[in-house]
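Trainee: I should like a close look at one part of this model, set in the context of the whole chain. Please begin with how far the model may be trusted, and then explain how that part is held in place.

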Amino acid sequence: RMKKRGAAALLAAICLLAGCAASDPALPAETPTPTETSSPAYQGDSLFAYCTERQRELLELPHEELPVELIFHHWTETAADYETRDETVIAGVLQALRDVSVESESPIVSTDTRGLTFVTAQGDTYSFWFDKRRFEGVDGRCYVLSGDEKLWELVWGIRTADPDYQDLMR
């Protein structure tokens with residue numbers, strides 16, 4: 001019986017403190033923590049809006065000025081780079097990047113870094129970096145994407161077709 005009263009008193013004190021903390025103007029207001037759920041502020045925004053000027057330049061290039069090489073950087077426990085010079089794949093990846101939308105900001109960070117570096121005939125490079133499948137934007141923040149399935153399907157295809165990867169898999 002004594003334990004029940006002690007537990008009840010403790011529960012009442014916790015409830016009272018929690019109630020006071022939530023309404024006490026001297027205490028900072030609770031700020032919502034960011035999540036990976038859709039937010040109207042981002043929903044459907046084009047990836048373009050979160051790109052650097054340099055990345056935007058690439059996304060605006062006409063088909064005739066396509067980069068001649070694409071390097072897929074896949075850095076996890078080990079670092080590996082896979083390359084393609086296939087025009088169709090490069091054009092497809094660029095179009096897939098143009099088609100991707102940003103859904104929300106992501107507070108989550110992983111050690112799975114993926115990069116896409118496009119190289120032009122003149123040797124200029126344009127890079128896009130991802131934390132797993134989240135885009136690392138111009139402001140250094142990561143963004144959850146939607147409509148990126150085609151992008152990653154093409155990118156994983158670069159790895160699969162790379163001779164070094166094929167040797168590794170044998």
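**Strand E5 and its surroundings**

Mentor: Over residues 2-41 the pLDDT stays under 50, and for this stretch the model has 16 contacts beyond four places in sequence. This is a predicted model, and its confidence differs between elements: helix H1 (residues 2-23) has the lowest mean pLDDT, at 40, whereas helix H3 (residues 87-99) has the highest, at 96. Averaged over the protein chain, pLDDT is 77, and 74% of the residues score at least 70.

The overall layout comes next. The protein chain contains 5 helices and 8 strands, and its elements follow one another from the N terminus as α-β-α-β-β-α-β-β-β-β-β-α-α. Of its 170 residues, 35% are buried. Among contacts between residues at least 6 apart in sequence, 64% join residues at least 24 apart.

The 8 strands form an open sheet with antiparallel pairing, in the order E1-E4-E8-E7-E6-E5-E2-E3. E1 and E3 are the edge strands; each has a single partner, so one side of each lacks a neighbour in the sheet. Strands of a sheet pair through backbone hydrogen bonds, either parallel or antiparallel.

The part I propose to examine is strand E5, residues 113-119. In the order of the sheet, E5 stands between E6 and E2. Of the 7 residues of E5, 6 are buried, so the strand is largely enclosed by the rest of the structure.

Consider the side facing E2. Strand E2 (residues 69-75) runs antiparallel to E5 and is joined to it by 7 bridges. Two of the paired positions illustrate the register: Trp75 has Thr113 as its bridge partner in E5, and His73 has Gly115. As one steps back along E2 from Trp75 to His73, the partner in E5 steps forward from Thr113 to Gly115, in keeping with the antiparallel direction of the two strands.

On the other side, E5 and E6 also run antiparallel, and 7 bridges join them. Here Gly115 stands opposite Trp129 of E6. Gly115 is thus matched with His73 on one side and with Trp129 on the other. E5 and E6 form a hairpin with 5 residues between the strands, in which Gly123 takes a positive phi near 90°.

The side chains add aromatic contacts to this backbone pairing. A pair of aromatic rings is described by the distance of the centres and the angle of the planes. The whole structure holds 9 aromatic pairs. One of them is formed by Tyr50 and Tyr143, a tilted pair with 4.5 Å between the centres and 45° between the planes. Tyr50 belongs to the loop between strand E1 (45-46) and helix H2 (53-59), while Tyr143 belongs to strand E8 (residues 142-146), so this pair ties together parts 93 residues apart in sequence. Both partners are buried, Tyr50 with a relative accessible area of 10% and Tyr143 with one of 2%.

A second pair involves E5 itself: the ring centres of Phe118 and Phe128 lie 6.0 Å apart and the planes meet at 85°, so the arrangement is edge-to-face. Phe118 is in E5 and Phe128 in strand E6 (residues 125-131), so the pair ties together parts 10 residues apart in sequence. Phe118 is buried, with a relative accessible area of 0%, and Phe128 is likewise buried at 0%. Ring pairs extend this arrangement into a cluster of Phe118, Phe128, Phe130, Phe135 and Trp152.

Two arginines also sit over aromatic rings. Arg114 lies over the face of Trp152, at 5.0 Å from the ring centre; Trp152 is itself one of the cluster residues. Arg54 lies over the face of Tyr126, at 4.1 Å from the ring centre.

Beyond E2 in the order of the sheet lies E3, which is an edge strand. Thr84 is found in this strand, residues 79-84, and is buried with a relative accessible area of 12%. A polar atom of the Thr84 side chain lies 3.1 Å from the backbone nitrogen of Asp86. Leaving aside neighbours within four places in sequence, Thr84 is in contact with Val68, Glu69, Leu70, Val89, Ile90 and Ile158.

In summary, E5 is joined by 7 bridges to E2 and by 7 to E6, and it contributes Phe118 to the aromatic cluster.

How values were computed. Residues numbered from 1 in each chain as written. Predicted model: local features only at pLDDT ≥ 70, side-chain atom pairs only at ≥ 80, totals over all residues. Heavy atoms only, no water. pLDDT = per-residue confidence, 0-100. Helix = DSSP H or I, 4+ residues; strand = E, 2+ residues; numbered from the N terminus. Contact = heavy atoms within 4.5 Å. Buried < 20%, exposed > 50% of the residue type's maximum accessible area, 1.4 Å probe, protein only. Polar contact = N/O pair within 3.5 Å; in protein donor to acceptor, adjacent residues only side chain to side chain. Phe/Tyr/Trp six-rings, centres within 6.5 Å; stacked < 30°, edge-to-face > 60°. Lys NZ or Arg CZ within 6 Å of the ring centre and 35° of its normal. Pairing = 2+ DSSP bridges.
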